[in-house]
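Biologist: Could you take me through one part of this protein up close? I'd like to start from a single residue and work outwards.

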Amino acid sequence: MVNRFIGALWHRLRGPLQWRVMWLAHATFMVGVTGVVRDDEGRVLLLHHRLWRKDTPWGLPTGYARRGETFEQTVVREVKEETGLDVTPGPLVRLTSGYRLRAEAAYEARLSGGTMRLDPREILDAGWYAPDRLPPGLIASHRELILGVGAERDTAVTRTDRGA
């Protein structure tokens, strides 16, 4: 009887109200988005992040998706904000969770223009690195993304290190 009542009530709520009930009943995630930005020579853009751990300050451009923004748009915006560079987003290369209320998405991206101008509030230094000459202090999960390590598992939801 109770299940029947709940089912009938659920069907009467319809669209937006159903969505609101589901939103209130479940965890709300922040989504961190990373761009594996490469230039025409195959080098990857790495940033020395001011706010990251002292032992792993180097990593890829990374930031949080804003409400209503696609993850591809987040890559474009974050790279532009942090470096002044323009990029074209490519395919999704990793989707992970397990960070309490945070999920992580990583996309390949190609340099398409712009002039390097670092945001000094967030970024101390930046450079283009060949995959076989990555700097010390690079976060392990970003090294994996650059080198394609674990590519066979990247479509699964996995747990990675918490460096950023």
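Setting aside neighbours within four places in sequence, which residues is Val37 in contact with?

Modeller: Sure, with the reminder that this is a predicted model. Mean pLDDT is 85, and 87% of the residues reach 70 or more. The weak patch is 150-164, where pLDDT is below 50; that stretch still makes 33 contacts beyond its near neighbours in sequence, as modelled.

Now Val37. Once residues within four places are left out, its contacts are Arg43, Val44, Leu45, Pro61, Val79, Val87, Ala109, Leu111 and Trp128. Several of those names come back when you look at the nonpolar packing. The largest nonpolar core has 14 residues, and Val37 is among the ones touching the most other members, together with Leu45, Val75, Val79 and Val87. As for where the core comes from, at least two residues each are supplied by β1 (30-38), β2 (44-49), α3 (71-83), β5 (85-96), β6 (102-114) and β7 (123-129). There's also a second, separate core of eleven residues, and Val44, Leu46, Trp58 and Ala106 are in it. Val44 is also on the contact list of Val37.

Let's follow Val79 into its helix. In α3, the buried residues are Thr74, Val75, Arg77, Glu78, Val79, Glu82 and Thr83, so the list isn't purely nonpolar, given that a residue counts as buried under 20% relative accessible area. The cover over them includes β1, β2, β4 (62-64), β5, β6 and β7. The helix geometry checks out too: 13 residues at 1.5 Å each should span 18 Å, and the end C-alpha atoms of α3 are indeed 18 Å apart. Right after α3 comes Gly84, with a positive phi of about 80°.

Just upstream, in the loop between β4 and α3, sits Glu69. Glu69 is buried, at 17% relative accessible area. Beyond four places in sequence, Glu69 touches Tyr64, Thr74 and Arg77; Thr74 and Arg77 are among the buried residues of α3.

Tyr64 leads back to β1, by way of Gly32. Gly32 lies in that strand and is buried, with a relative accessible area of 2%. Its contacts outside the four-place window are Gly63, Tyr64, Arg102, Ala103, Glu104 and Ala105. Gly32 and Phe71 are 39 residues apart in sequence, yet their C-alpha atoms are 8.8 Å apart.

The other helix to check is α4 (residues 140-147), where Ser141, His142, Leu145 and Ile146 are buried. Those four span an arc of only 140° around the axis, which means they sit on the same side of α4. That fits the usual helix arithmetic: with 3.6 residues a turn, residues three or four places apart point the same way. Cover for the buried residues of α4 includes β1, β2, β3 (58-59), β4, β5 and β6. Like α3, which is followed by Gly84 with its positive phi, α4 is followed by a glycine: Gly148, with a positive phi of about 75°.

Zooming out, the protein has four helices and seven strands, in the order α-α-β-β-β-β-α-β-β-β-α along the sequence. Of its 164 residues, 38% count as buried. Take the contacts between residues at least 6 apart in sequence: 66% of them join residues at least 24 apart. The exposed area is about 10,100 Å², with carbon and sulfur atoms supplying 58% of it.

Key: Residues are numbered from 1 along each chain as its sequence is written. This is a predicted model: local features need pLDDT of at least 70, side-chain atom pairs count only at pLDDT 80 or more; totals for chains, interfaces and linings use all residues. Side-chain values use heavy atoms; hydrogens and water are left out. pLDDT is the predictor's confidence in each residue, from 0 to 100. Contact means heavy atoms within 4.5 Å. A nonpolar core is a set of buried Ala, Val, Leu, Ile, Met, Phe, Trp, Tyr and Cys residues joined through side-chain atoms within 4.5 Å. Buried means under 20% relative accessible area, exposed over 50%, partly exposed in between (1.4 Å probe, protein chains only). The expected span of a helix is 1.5 Å times one less than its number of residues. The arc is that of the directions from the helix axis to the C-beta atoms. Accessible areas come from the Shrake-Rupley method with a 1.4 Å probe; for residues, only the protein chains shown count as cover.
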